[in-house]
Amino acid sequence: MKIVEKYSHLNGLEFLLVHKPDLWQEIEHVISELDAESCKTKVSKEKTKKGQLLYSPIDMNNSFKGKLSALSWSESRVSYWVTKNEKLIRKTLTMSPEDQKSEIESSGESPIFSYNQTDFVKNRVAIEVQFGKYSFVAYDLFVKHLAFYVGDQIDVGIEILPMKSLQSQMSSGVSYYEGELYNVVRQGRGVPAVPLVIVGIEP
């Protein structure tokens, strides 16, 4: 695989190149080592692609997982407590989970436990490898990475996506770099409020 395009949101890539160049080099190396053809294992059952051999999202995710895990990138979770009271959520947003729960309870509301999980985190950088449906990417960019950033667990989030040229050889409905780049740029310069690097790859 190779990196075809990169988009730096709120100077995410610049931060990596200056402060964590070794991590960016690891990501570049993992992508370059990924054998795309070995992941072309899915026989399509769709009418428009019936019988065609497609790239398998599962196999591609497993390949990434094996290579990143070998370099000590590991799963992480950010836990927090929510409630129905908007003002209370704003007040507790930046607190520790313990303080959030205590503050919600002392205000007479019922705290509800929640969390966000990401597969690959190392030295305050999170990676999401996304070969899933459109909604999953939006959740990564506007919820997951933001939650880890607000929770002071990461400095930068990285989203790895297929280019349209690769996506066209996958099942229907998979998100792709060009489309998600449009969605981020359309929101304006400051949204989402977390430094990101969006990476587009193809064989």
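Helices and strands are here the runs of residues that DSSP assigns to each type, numbered from the N terminus. By this count, the chain of this predicted model has eight helices and eight strands. Its C-alpha atoms fill a box of roughly 60 × 40 × 35 Å along the principal axes. Of the 203 residues in the chain, 42% are buried. Among the contacts with a separation of 6 or more, 73% are between residues 24 or more positions apart.

A good place to begin is the interior. In soluble globular proteins, nonpolar side chains tend to be buried together. In this model, the largest nonpolar core has 30 residues, and F64, I127, I158, I160 and I201 touch the most other members. Helix 1 (12–19), helix 2 (21–33), helix 3, strand 6, strand 7 (156–162) and strand 8 each give two or more residues to this core. Helix 2 makes the largest share, with five residues. The surroundings of I127 give a sense of how the core is put together. Setting aside neighbours within four places in sequence, I127 is in contact with I27, L68, W73, T118, F120, I158 and I160. A second, separate core has nine residues, including L141, L161, M163 and I198.

K122, in strand 5, also has partners from elsewhere in the sequence. Not counting residues up to four places away, K122 touches L23, E26, L71, S72 and W73. W73 is also among the contacts of I127. The C-alpha atoms of K122 and I154 are separated by 8.7 Å, while the two residues are 32 residues apart along the chain.

Helix 5 shows how a helix can have two faces. An α-helix has 3.6 residues a turn, so residues three or four places apart point the same way. In helix 5, which spans residues 97–106, the buried residues are Q100, E103 and I104. These three are on the same side of helix 5 because they cover an arc of only 100° around the axis. The opposite face, turned away from the buried side, carries the exposed residues E98 and S106. What lies over the buried residues? Their cover includes strand 4 (74–82) and helix 4 (86–92). Just after helix 5 comes G108, with a positive phi of about 85°.

The open spaces of the model come next. Rolling a probe the size of a water molecule over the atoms shows where empty space is left. The largest pocket has a volume of about 410 Å³. It is lined by 22 residues, and the closest to its centre are Y80, L93, Q100, A147 and V150. Q100 therefore has two roles in this description, as a buried residue of helix 5 and as a lining residue of the largest pocket. Strand 4, helix 4, helix 5 and helix 6 (134–150) each supply at least two lining residues. Strand 4 gives the largest share, six residues. By type, the lining of the largest pocket divides into 13 nonpolar, eight polar and one charged residue.

The second largest pocket has a volume of about 250 Å³. Among the 14 residues of its lining, N61, D119, E128, V129 and Q130 are the closest to its centre. Helix 3 (57–70), strand 5, strand 6 and helix 6 each supply at least two residues to this lining, and the largest share, four residues, comes from helix 3. The lining of the second largest pocket is made up of five nonpolar, four polar and five charged residues. Helix 6 thus appears in the linings of both pockets.

Finally, a few places in the backbone stand out. Most residues other than glycine have a negative phi, and most peptide bonds are trans. Which residues have a positive phi without being glycine? N123, with phi near 50°, and R124, with phi near 70°, are two such residues. N123 is placed in the loop between strand 5 (112–122) and strand 6 (125–129), and R124 is found in the loop between strand 5 and strand 6 as well. N123 counts as partly exposed because its relative accessible area is 48%, between the limits of 20% and 50%. R124 is also partly exposed, at 28% relative accessibility. A cis peptide bond joins V191 and P192, with omega about -5°. P192 lies in the loop between helix 8 (177–187) and strand 8 (196–202).

How values were computed:
Residues are numbered from 1 along each chain as its sequence is written. This is a predicted model: local features need pLDDT of at least 70, side-chain atom pairs count only at pLDDT 80 or more; totals for chains, interfaces and linings use all residues. Side-chain values use heavy atoms; hydrogens and water are left out. Buried means under 20% relative accessible area, exposed over 50%, partly exposed in between (1.4 Å probe, protein chains only). The arc is that of the directions from the helix axis to the C-beta atoms. Contact means heavy atoms within 4.5 Å. On a 1 Å grid over the protein atoms alone, a cavity is a set of points where a 1.4 Å probe fits but cannot get out, and a pocket is an open set with protein on both sides within 12 Å along at least five of seven lines; lining residues have an atom within 4 Å of a point. Grid points are joined across faces, edges and corners, and a volume is the space filled by probe spheres set on the points. Ala, Val, Leu, Ile, Met, Phe, Trp, Tyr, Cys and Pro count as nonpolar, Asp, Glu, Lys and Arg as charged, and the others, Gly among them, as polar. A nonpolar core is a set of buried Ala, Val, Leu, Ile, Met, Phe, Trp, Tyr and Cys residues joined through side-chain atoms within 4.5 Å.
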